[in-house]
Amino acid sequence: RYSLFYNHLKNIEESEGGLDKFTKSYKTFGVNQLADGGIYCKEWAPGAEAVFLAGDFNGWNPFSHPYKKLEYGKWELFIPPEDGCSPVPHGSKLKVVIRAQNGALLYRISPWARYVVRDEDKVNYDWVHWNPPQSYIHKNPSPKRLKSLRIYESHVGIASPEGKVASYKNFTYNVLPRIKDLGYNCVQLMAIMEHAYYASFGYQVTSFFAASSRYGTPDDLKEMIDVAHSMGITVLLDVVHSHASKNSEDGLNQFDGTDSCFFHSGYRGNHQLWDSRLFDYANWEVLRFLLSNLRMWIEDYRFDGFRFDGVTSMLYHHHGIGTGFSGDYNEYFGLHVDEDALCYLMLANHMINSLHPECITIAEDVSGMPALCRPVEEGGGGFDYRLAMAIPDKWIQIIKELKDEDWNMGNIVHTLTNRRYEEKYIAYAESHDQALVGDKTLAFRLMDAEMYTNMSVLMPLTPVIDRGIQLHKMIRLITHALGGESYLNFMGNEFGHPEWLDFPRIGNNESYHYARRQFNLTEDDLLRYKFLNAFDRDMNRLEERFGWLASPQAYVSEKHESNKVIAFERAGLIFIFNFHPYQSYVDYRVVIWHSSLTVAFKYKILLDSDAGEYGGHQRLDHNTEYFSEEYPHNYRPNSIMV
């Protein structure tokens, strides 16, 4: 794998003048404004017979501005300035006109288009030339690279209690302060790359270089990122390079009139479950397109890194469909691995690390590909983190299938700690996947219909709501503290957002009722959502203070099946969880890690899920001091009584 990567890198050096020049192609392809006022256009359309540019600037004459054919399927066009001014004004609508091999004229949006919009009375998107007289100027430097991430996974369009598509401006001034207050130091933005179908959640991308216009302008997004940086918040983009929309009117599909171009032709170029097109990662121009795309988002918008979506689909020719992964190495090395896709990911991480070493990359891989998060120089994939995708599945399985008294403490600990040494994982109890229609969030699984009637503090605390609130806090804290080297939460789930997430579509009469986040629920003192919100905030703030995510893995001293107790130590803190459905304990002895003590250690309670401000029963005295003893317990010489 490293040899394949090295050969690609060597070829880029020899034929393109280096990785820096190769990945700057976003500045030359598409339609670009020159310093003298002229316009330079460049496209890659290997299957085209001829290429033209049409738009408002030439009265939509499809033949007046032909491109010149270059080698390797590239085409270019230069339009001189008119009286020192641009012949294509800012805001002009454009189309690339392709004469296909069968003679048909195809009106296409450039794959490199920076701004596309759809009028309310139209079905298709328009490509708009974006060249404002004064672009947004970033005022704040990017935050320094974080030792660990507390990620707030977000979608701009649903980030409002109102039933509408919310804006970048709304997120900037209403949501970012909330994220900061909750103690998250990173926001991961979904559905930013333009997608014609809103209900795809941003995963059917049509314009890879365009920020979605349904939320506002490119400058609005730049301002949003700049304001996040002013708050010390790192901003990651959920990037979709695993596939592309089949939409040929608005997207890349059949751009040059052929079945291939950016994609594999035939069966290999189609994803049978996602109904989308699959990139040909062995193609030189596809590598140019995708690598330049990453660089554009970093340099133009100042994103601080990426979460790569659908990495499992990229890594294997079977795309993970109908395949289970047990951890056997035969599952990761063989002819079923798409080495071209893996090499692209190595190139992407190498480029990002070389040109922007402060940036962070995350892999969404469910297979557990070994060394995916080790440096490229070691033959690894080069990612900084991978998502611990087994953890949310485990919590769902436990809540769905087991009675409380049947919860297996050893199995919980195994799932939370089962990760390769020196490959960093991002733990999460639930993400957007669990919030979507057809699934249920943890809060909804725990409390279900009673969330509609019994979340008021004026109502008696029912056993269902009581159990749900307490387990919601405990599950999140143990996942946060034991499950990885970073932590992720999907917006709204921190306070147990009721109901599911469903975008407007024909099946729900185009309703926005479920495509929103009811942040107002946490601001109502009469509702119990405030308790979960407060606990999530204080949990994050405690991690900020002690840094357990950046600390070595925890020492687990107890996973007691009959007592339903889990105890472990990390970053100098002792974490104790009692999952027993009805049994509390007094004078309970737990291990402390120190093997020899010359003085007794004193401990105090820092975070208590049973505290009143978190909707608990206040059964612990926070003024109590606990002292370590040279008293052997669980094969360690020292312990403490709690």
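**Chat: loops, cysteines and a small sheet**

User: Where does A191 sit?

Analyst: In this predicted model, A191 is in the loop that joins β11 (186-190) to β12 (193-194).

User: What's its phi like?

Analyst: The phi of A191 is near 55 degrees, so a positive value in a residue that isn't glycine. For background, most residues other than glycine have a negative phi.

User: Is A191 buried or exposed?

Analyst: A191 is buried, at 4% relative accessibility. The cut-off for buried is under 20%.

User: And Y635, where is that one?

Analyst: Y635 is in the loop between β27 (626-629) and β28 (639-641). Y635 also has a positive phi, near 70 degrees, and isn't a glycine.

User: Buried or exposed for Y635?

Analyst: Exposed: the relative accessible area of Y635 is 88%, and the cut-off for exposed is over 50%.

User: OK, switching to cysteines. How many disulfides does the count give?

Analyst: Zero disulfides. C85, for one, is in no disulfide, and the nearest cysteine sulfur belongs to C41, 17 Å away. A disulfide needs two cysteine sulfur atoms within 2.5 Å, so that pair doesn't qualify.

User: How accessible is C85?

Analyst: C85 is partly exposed, with 48% relative accessible area.

User: What about C343, which cysteine sulfur is nearest there?

Analyst: That of C373, 17 Å away, and C343 is in no disulfide. C343 is buried, with a relative accessible area of 3%.

User: Now sheets. What's the strand order in the open sheet with β23?

Analyst: The order is β22-β23-β24, three strands with antiparallel pairing. At the edges are β22 (555-560) and β24 (573-578), each pairing on one side only.

User: How much are neighbouring strands turned against each other?

Analyst: By 10 degrees on average in this sheet, with direction ignored.

User: How many bridges between β22 and β23?

Analyst: Five bridges, in the antiparallel sense, with β23 covering residues 565-570. To pick out one residue, K559 has I566 in β23 as its bridge partner.

User: Last one: which strand holds S207?

Analyst: S207 is in β13, residues 207-211.

User: Buried or exposed, and what does S207 touch?

Analyst: S207 counts as buried, at 3% relative accessibility. Leaving aside residues up to four places away in sequence, S207 touches I109, V116, M193, E194 and D250.

Key:
Residues are numbered from 1 along each chain as its sequence is written. This is a predicted model: local features need pLDDT of at least 70, side-chain atom pairs count only at pLDDT 80 or more; totals for chains, interfaces and linings use all residues. Side-chain values use heavy atoms; hydrogens and water are left out. Buried means under 20% relative accessible area, exposed over 50%, partly exposed in between (1.4 Å probe, protein chains only). Two strands pair if DSSP finds at least two bridges between them. Helices (H or I, at least four residues) and strands (E, at least two) are DSSP runs, numbered from the N terminus. Axes are lines fitted to C-alpha atoms, for helices over the stretch in contact, and angles run from 0 to 180 degrees between N-to-C directions. Contact means heavy atoms within 4.5 Å.
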